[in-house]
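Trainee: I've never looked at this one before. Could you walk me through it, one question at a time?

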Amino acid sequence: MNKPILVLKLGTASITTAKGELDEEVVADVTRQVAEIAKDYRIILVSSGAVAAGKKYIKNYKGKIAERKAAASIGNPLLLSTYSKHFLPYHISIAQSLCERQHFSNRRQFLQLKETYEELWKNGVIPIANENDVVSSLELKFSDNDELATLLGVGFGAAVILLGTSVPGVLDREGSVIHKIDSINNDIFSLADKNKSDLGLGGMISKLTFAHLATVMGIKVVIFGVRTPDGILNAIDGKTGTVCTPKEGTISARNKWLASGSLVTGRLMVDDGACEAIRKRKSLLAVGVLSVIEKFSDGEIFEITDKEQHIVAVARAKTSSETIIKNSKQHNLEIANASDIVIL
């Protein structure tokens with residue numbers, strides 16, 4: 001149980017054929033490589049593909065929410081059965097973990113999830129996680145499995161997150177793979193293809209967004225091509241794909257959960273002075289608030305943005321946005337204590 005934790009996320013397009021069906025050759029190759037790295041890591045496999053596996057059973061499938069839910073309910077057992085079959089030669093058992101936002105926004109439920117995974121690892125079982133599409137509401141859905149993989153990686157204190165995709169990594173303007181990114185900034189985001197695949201929900205922007213969060217939390221992220229020969233094994237060693245280097249620093253487990261797993265309900269815009277104070281680990285006072293962008297209640301989690309609406313931090317509110325608006329002239333009103341603010 002002292003082995004480091006590795007989160008491996010596989011996108012829909014990377015494990016399906018051009019027809020949108022599961023590509024068993026790819027799945028077989030993935031299980032071979034996962035069996036190899038399981039000797040050195042506790043693994044969480046986050047796999048898309050349930051909707052793709054099940055949608056052919058839905059007549060005149062158009063991708064409506066109800067149809068996606070129905071396809072997921074059909075596809076989940078098919079996806080797990082395929083993984084189970086290909087892990088069998090390596091004597092590896094798997095477990096299904098269907099996740100919802102509440103498992104991360106409620107810290108008690110998150111800790112129960114963590115205990116379950118630790119019990120699975122203790123017994124040599126690999127959990128395969130996916131969103132519970134059958135019951136997830138539109139408002140509380142994960143944006144995609146890149147987010148789910150990041151929440152699991154940050155919340156569990158993973159050493160590395162591997163984001164598997166259908167392209168070989170982050171590409172520069174000439175189409176060559178960028179082998180290392182030290183800072184995920186606007187220049188890097190500008191390189192991302194704005195298009196999504198026909199099968200998946202995310203894209204390179206999604207991967208870079210959550211890679212940024214993970215690296216801020218001190219986790220190495222590698223964005224790599226699943227179909228690259230020995231892609232998983234080489235990604236761990238930094239021999240393929242794009243390595244996003246982690247930031248140095250120590251963040252408590254509670255604040256990692258606060259920054260990644262909590263359900264953000266509100267947003268405040270603050271001035272330059274407040275931004276500087278937050279970066280100096282000071283509390284947020286009403287004097288620095290420019291406007292309430294999205295309302296929130298006492299105790300809820302909200303985002304703090306600068307004047308350009310770039311997210312600076314997330315925090316737990318000591319008071320509601322309604323109180324802030326009513327008492328805007330009370331400059332010393334504490335909105336969030338420094339201990340409840342996580343800088344991003």
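Mentor: Sure, and one term comes up straight away: buried means under 20% relative accessible area. Keep in mind that this is a predicted model.

Trainee: Then let's use that cut-off on threonine 240: is it buried or exposed?
Mentor: Find threonine 240 in the loop between helix H9 (231-236) and strand S8 (242-244). Not counting residues up to four places away in sequence, threonine 240 touches Val222, Thr228, Gly231, Asn234 and Ala235. Its relative accessible area is 12%, and the cut-off is under 20%, so threonine 240 is buried.

Trainee: Zooming out, what share of the residues in the chain is buried?
Mentor: For orientation, the chain has 12 helices and 15 strands. Its length is 344 residues, and the buried share of these is 50%.

Trainee: And what share of the contacts with a separation of 6 or more comes from residues 24 or more positions apart?
Mentor: The count here takes contacts in the chain with a separation of 6 or more. Of those, the share from residues 24 or more positions apart is 71%.

Trainee: Can we do aromatics next? Of what kind is the pair of tyrosine 117 and tryptophan 121?
Mentor: A search of the whole structure turns up six aromatic pairs. For tyrosine 117 and tryptophan 121, the centres are 6.0 Å apart and the planes make an angle of 85°. Planes over 60 degrees apart count as edge-to-face, so the 85° pair of tyrosine 117 and tryptophan 121 is edge-to-face.

Trainee: Why are tyrosine 117 and tryptophan 121 separated by about one helical turn?
Mentor: Both sit in helix H5 (residues 107-122). Tyrosine 117 is buried at 1% relative accessible area, and tryptophan 121 is buried as well at 9%. The reason for the spacing is that they are four residues apart in H5, which means about one helical turn.

Trainee: Which helix holds phenylalanine 156, the partner of tyrosine 117 in a tilted pair?
Mentor: Tyrosine 117 and phenylalanine 156 have ring centres 5.2 Å apart and planes at 55°, a tilted pair. Phenylalanine 156 is buried too, at 6% relative accessibility. The pair links distant parts of the chain, 39 residues apart: tyrosine 117 is in H5, while phenylalanine 156 is in helix H6 (residues 145-156).

Trainee: Which residues form one aromatic cluster?
Mentor: You've already met three of the members, Tyr117, Trp121 and Phe156. Add one more name and you have the cluster: Tyr117, Trp121, Phe156 and Phe110.

Trainee: How are H6 and H8 oriented, roughly parallel or roughly antiparallel?
Mentor: The axes of H6 and helix H8 (residues 204-216) come within 9 Å and cross at roughly 10°. On the H6 side the contact uses Asp146, Glu147, Thr150 and Val154, and on the H8 side Ser206, Lys207, Phe210, Leu213 and Ala214. By class, that makes four nonpolar, two polar and three charged residues. Angles under 35 degrees count as roughly parallel, so H6 and H8 are roughly parallel.

Trainee: What about phenylalanine 210 in H8: buried or exposed?
Mentor: Phenylalanine 210 is one of the H8 residues in the contact with H6. Its relative accessibility is 14%, so phenylalanine 210 counts as buried.

Trainee: And H1 with H3: what is the handedness of the crossing?
Mentor: The axes of helix H1 (residues 24-37) and helix H3 (residues 65-87) come within 9 Å and cross at roughly 55°, so the two are oblique to each other. The contact is made by Glu24, Val27, Ala28, Thr31 and Val34 of H1 with Thr82, Tyr83, Lys85, His86 and Phe87 of H3. As for handedness, the crossing of H1 and H3 is right-handed.

Trainee: Last one: how far apart are the C-alpha atoms of alanine 158 and isoleucine 5?
Mentor: Alanine 158 lies in the loop between H6 and strand S5 (160-165), and at 7% relative accessibility it counts as buried. Leaving aside neighbours within four places in sequence, alanine 158 is in contact with Ile5, Val7, Gly153 and Ile219. Alanine 158 and isoleucine 5 are 153 residues apart along the chain, yet the separation of their C-alpha atoms is 4.5 Å.

Note on methods: Residues numbered from 1 in each chain as written. Predicted model: local features only at pLDDT ≥ 70, side-chain atom pairs only at ≥ 80, totals over all residues. Heavy atoms only, no water. Phe/Tyr/Trp six-rings, centres within 6.5 Å; stacked < 30°, edge-to-face > 60°. Buried < 20%, exposed > 50% of the residue type's maximum accessible area, 1.4 Å probe, protein only. Axes fitted to C-alpha atoms, helices over the stretch in contact; angles between N-to-C directions. Parallel < 35°, antiparallel > 145°, perpendicular 65-115°, else oblique. Left-handed = near helix turned anticlockwise from the far one by under 90°. Contact = heavy atoms within 4.5 Å. Nonpolar A, V, L, I, M, F, W, Y, C, P; charged D, E, K, R; others polar.
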